[in-house]
There are 2 protein chains.
Amino acid sequence: MDKAAREALARAAGPANLDASKAGREAYSYDATGHRHPPEAVVRAVDTEQVARVLAACTAHRVPLVPRGAGSGLTGGALAVAGGVVLDMAGLSRIVEIRPADQVAVVEPGVVTADLQAAAEVRGMFYPPDPASVGFCTVGGNLAENAGGLRAVKYGVTRDYVLGITAVLPDGRVFTTGGANLKSVVGYDLTRLLVGSEGTLAVITRAVLRLLPLPEAKATVSAFFGRLDGAADGVRAVMASGIRPVACEFMDGPSLRAVESYAGLGLPEGAAAMILVEMDGPPEVVERQAGQAARLLAEAGGEPVHRAADRAEAERLWKARRAAGPALFGMAPAKLNEDVAVPLGSLAAMVERIHQVAERRGLDIPVFGHAGDGNLHVNILFDPAREGAEHQAHQAVSDIFAGVLKMGGTLSGEHGVGTAKLGYVGAELDPVALGLMRGIKQVFDPAGILNPHKSLPGPEVAA
Amino acid sequence: MDKAAREALARAAGPANLDASKAGREAYSYDATGHRHPPEAVVRAVDTEQVARVLAACTAHRVPLVPRGAGSGLTGGALAVAGGVVLDMAGLSRIVEIRPADQVAVVEPGVVTADLQAAAEVRGMFYPPDPASVGFCTVGGNLAENAGGLRAVKYGVTRDYVLGITAVLPDGRVFTTGGANLKSVVGYDLTRLLVGSEGTLAVITRAVLRLLPLPEAKATVSAFFGRLDGAADGVRAVMASGIRPVACEFMDGPSLRAVESYAGLGLPEGAAAMILVEMDGPPEVVERQAGQAARLLAEAGGEPVHRAADRAEAERLWKARRAAGPALFGMAPAKLNEDVAVPLGSLAAMVERIHQVAERRGLDIPVFGHAGDGNLHVNILFDPAREGAEHQAHQAVSDIFAGVLKMGGTLSGEHGVGTAKLGYVGAELDPVALGLMRGIKQVFDPAGILNPHKSLPGPEVAA
């Protein structure tokens with residue numbers, strides 16, 4: 001960034017909102033991938049108009065700009081890999097309004113997802129998207145990545161709750177899409193084009209989100225399995241039963257042991273897998289379906305199968321599940337974190353394939369995740385100090401991806417591409433479709449300044 | 001279309017699949033709007049490869065092409081307004097497979113929606129999108145328009161059930177988006193960009209659709225109201241109660257009388273409104289919620305409130321609702337058919353506004369539709385032979401649209417823009433967003449041959 005660019009940026013952002021200090025740049029250099037890319041400057045977003053001025057300055061001076069929520073993304077979406085500016089959206093954190101009569105919330109992107117859930121709940125409403133990082137991730141990051149999470153089986157993903165967006169184009173023009181209507185078919189669906197575009201098309205500064213009525217009751221059933229195929233049978237039986245669980249989560253033995261040593265929750269030792277099923281709805285259904293799920297899991301070989309006696313006990317189980325990601329960080333000096341998804345019927349085959357790869361490559365690969373929608377988190381653990389281990393780990397990723405694509409699966413169910421999967425996108429996406437995506441990127445960001453080298457591989461209009 | 005174009009088209013389509021006869025052109029000249037635009041030729045789609053050849057020939061010779069499902073659209077999407085070719089997709093009507101383990105169906109676009117519903121049901125599965133025209137509309141048309149229908153309150157719209165698409169670009173290139181995965185975030189969401197794009201971006205030749213488990217039980221409650229505001233109170237009470245009805249439908253008095261004289265169902269005379277609520281799910285919930293809905297509707301002044309004793313009786317009530325559209329065709333020599341939607345909390349205000357407009361303009365404007373998601377069908381009846389009536393009818397549309405937009409509503413909840421609303425789109429859409437949509441159209445269809453003069457107003461790349 002040259003002097004003219006820096007001055008233009010300071011004018012656009014307001015000098016107090018621009019930080020080019022070493023400490024500031026350092027603080028914004030990393031995300032949950034553990035990689036480091038210090039930006040040349042950090043800008044704190046203040047309002048839509050200021051974001052528009054900042055983007056226009058960046059386009060005019062060909063300075064890359066990377067929007068950043070909480071930095072909790074797992075694929076590098078918030079990293080300044082091409083230098084330039086990190087735009088910190090955390091300050092735009094107002095819940096502007098919750099309108100129960102319209103069943104919507106209007107929020108700024110820096111709102112922490114759990115805070116939105118809590119604010120909705122106070123009014124008897126429910127914001128279903130629930131990524132495991134819900135306590136610290138932001139709505140803006142969730143929109144950028146189309147975050148999924150624990151309740152997607154029944155309630156869908158972030159995309160399904162976005163009704164309208166206010167966003168800023170790289171050239172500084174502000175625009176809105178959609179509104180507060182539950183249905184609308186006027187014009188192309190730019191709302192859902194922006195969701196999941198990983199901050200490469202526009203910077204979202206406001207969103208209208210759909211809320212649902214709060215479910216009356218919930219129940220959680222846990223089942224531990226001595227054999228992995230029993231757990232797969234259990235998932236299959238629950239999903240085929242007509243129950244629509246809120247969540248149907250899977251953790252394998254290594255994941256369970258990691259969580260136990262991390263959080264000391266008193267989980268049974270020696271289990272090969274755990275299945276957690278949550279039901280919600282009217283109390284009499286939840287009651288019946290909890291019994292039905294418990295029976296199906298026991299028939300599949302679950303032992304013990306247990307229904308949480310109260311919400312406190314259920315919360316302990318969900319805490320174990322949510323701790324799985326963080327817990328695995330302590331298990332090995334390095335891990336590669338993938339979140340492949342396959343068509344539901346191929347779930348057991350995928351788990352089996354991953355175990356074969358682990359054995360062949362001589363690696364630990366704990367697996368946990370969202371069995372109910374075919375989306376599993378695959379954690380390839382290795383010690384970079386060990387000769388050849390890193391190579392084997394990357395080979396394992398390739399092996400697993402090849403298997404996933406052969407099953408008609410996808411390389412990411414909810415984490416996104418970022419930089420982490422850029423090299424593999426070409427193997428999944430149709431080349432014509434990829435060309436169309438590049439064409440769309442050109443329409444939104446002809447100068448190529450917005451989050452460059454993310455999401456779409458190939459010829460960037462380089463900054 | 002010149003001779004060279006016609007010959008190229010015959011080669012591309014196969015001579016037996018091309019019909020340029022007067023009778024053939026006449027048969028494909030109209031749709032449910034009642035407007036007539038005879039194409040220069042009709043091509044019967046046979047398979048993806050042939051569709052690709054036909055599109056490439058049209059692009060090479062700058063011949064407009066209009067894909068057509070059942071012609072049941074209400075905004076002119078299937079009309080050859082710029083001449084050229086109508087591509088009849090009805091022959092691509094295979095349900096390729098239903099995969100219960102993956103919870104998906106793979107279908108061609110010519111499948112009649114009700115046939116897909118029935119095929120899924122045989123396997124214990126459920127395809128929720130349910131436009132009132134379900135018995136004759138096609139899946140391809142539903143995708144093009146992002147069709148809504150009676151169950152959208154609980155189950156969402158067509159968009160929410162599309163996992164993957166095979167489509168052909170105007171230049172003949174075939175591409176796929178998505179797949180059979182319940183979650184995927186690799187690349188931009190072209191799947192949902194195509195859904196609702198009204199056949200202006202690509203021709204869909206195959207789709208992977210999500211299925212759900214079939215609900216165990218259903219119940220229908222009807223309530224008649226002497227006063228319109230009682231009906232509005234009833235809808236509000238049901239929607240705020242925590243019940244998530246499958247459908248929450250509204251018909252005003254004139255709609256009820258039209259249906260009665262059309263179908264003779266024995267509906268009570270003199271009612272100002274009817275509300276129909278359907279619940280589905282486990283039988284014990286349906287039981288309780290049906291009672292709860294009946295109580296709420298009675299408290300709001302419903303009289304009589306009645307729960308259908310069995311499916312046969314419920315079907316009679318739904319038949320009345322589905323007959324509303326067709327019935328109104330008989331009420332006046334001409335009607336304008338709008339399907340505005342507003343944020344849920346503004347529903348009663350919208351109905352009131354429409355009645356004011358009817359009074360001011362001296363017109364009958366029966367209203368019915370999807371109260372549970374704020375989407376109402378507004379039927380402006382008039383006699384073109386009466387001096388000034390047509391002018392008043394068009395003024396009424398403008399009055400209603402102005403009110404809808406003031407409430408933050410949208411000009412179409414589920415019918416789409418087509419040609420019918422083209423003149424009003426600019427009043428709803430953000431001009432920057434509209435520019436982005438035009439840019440996207442350019443990426444997909446630089447020659448502008450695909451369904452020209454539909455969906456997006458303004459500078460067409462004219463054929």
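A student and a tutor talk through how the terms used for this predicted model are justified.

Tutor: This is a predicted model, in which local features need pLDDT of at least 70, side-chain atom pairs count only at pLDDT 80 or more, and totals for chains, interfaces and linings use all residues. Residues are numbered from 1 along each chain as its sequence is written, chains are lettered from A and ligands numbered from 1 in the order in which they are written, and side-chain values use heavy atoms, with hydrogens and water left out.

Student: How do you know that residues of chain A are in contact with residues of chain B?

Tutor: Contact means heavy atoms within 4.5 Å. By that rule, 85 residues of chain A are in contact with 85 residues of chain B.

Student: What makes the copies meet through the same surface?

Tutor: Look at the overlap. 100% of the interface residues of chain A are also interface residues in chain B, so the copies meet through the same surface.

Student: How do you know what area is buried between chain A and chain B?

Tutor: Buried area is the accessible area (1.4 Å probe) that two parts lose on being put together, summed over both. Here the value is about 6,500 Å², and carbon and sulfur atoms give 60% of it. A:Lys183, A:Val185 and A:Tyr188 supply 16% of the area that chain A buries against chain B, more than any other three residues.

Student: Why is the pair A:Glu414 and B:Lys183 called a salt bridge?

Tutor: The rule asks for a side-chain nitrogen of Lys or Arg within 4 Å of a carboxyl oxygen of Asp or Glu. The side chains of A:Glu414 and B:Lys183 have N to O at 2.7 Å. So the pair fits the rule. Between chain A and chain B the count is 10 salt bridges.

Student: Which elements give two or more residues to the side of chain A that touches chain B?

Tutor: Helices and strands are DSSP runs, numbered from the N terminus: helices are H or I with at least four residues, strands are E with at least two. Among the contributors are helix H6 (152-155), strand E9 (174-178), helix H10 (283-299) and helix H15 (431-444) of chain A. H15(A) gives the largest share, nine residues.

Student: What makes the relation of chain A to chain B that of a two-fold axis?

Tutor: Copies are superposed by least squares on the C-alpha atoms of residues with pLDDT of at least 70 in both. A turn of 180° and a shift of 0.0 Å along the axis lay chain A on chain B with an RMSD of 0.0 Å. That is the relation of a two-fold axis.

Student: What makes chain A as compact as a globular protein of that length?

Tutor: Chain A has 15 helices and 18 strands. The radius of gyration is taken over C-alpha atoms, and the globule rule is 2.2 Å times the number of residues to the power 0.38. For 463 residues the rule gives 23 Å; chain A has 22 Å, close to that, so it is as compact as a globular protein of that length.

Student: Which pair forms a salt bridge between distant parts of chain B?

Tutor: B:Asp130 and B:Arg322 meet at 2.8 Å, N to O. B:Asp130 lies in the loop between strand E7 (125-126) and helix H5 (139-145), while B:Arg322 lies in helix H11 (residues 311-329), 192 residues apart.

Student: Where is the cis peptide bond to A:Pro304?

Tutor: The bond joins A:Glu303 and A:Pro304, with omega about -5°. A:Pro304 sits in the loop between H10 and strand E15 (305-307) of chain A.
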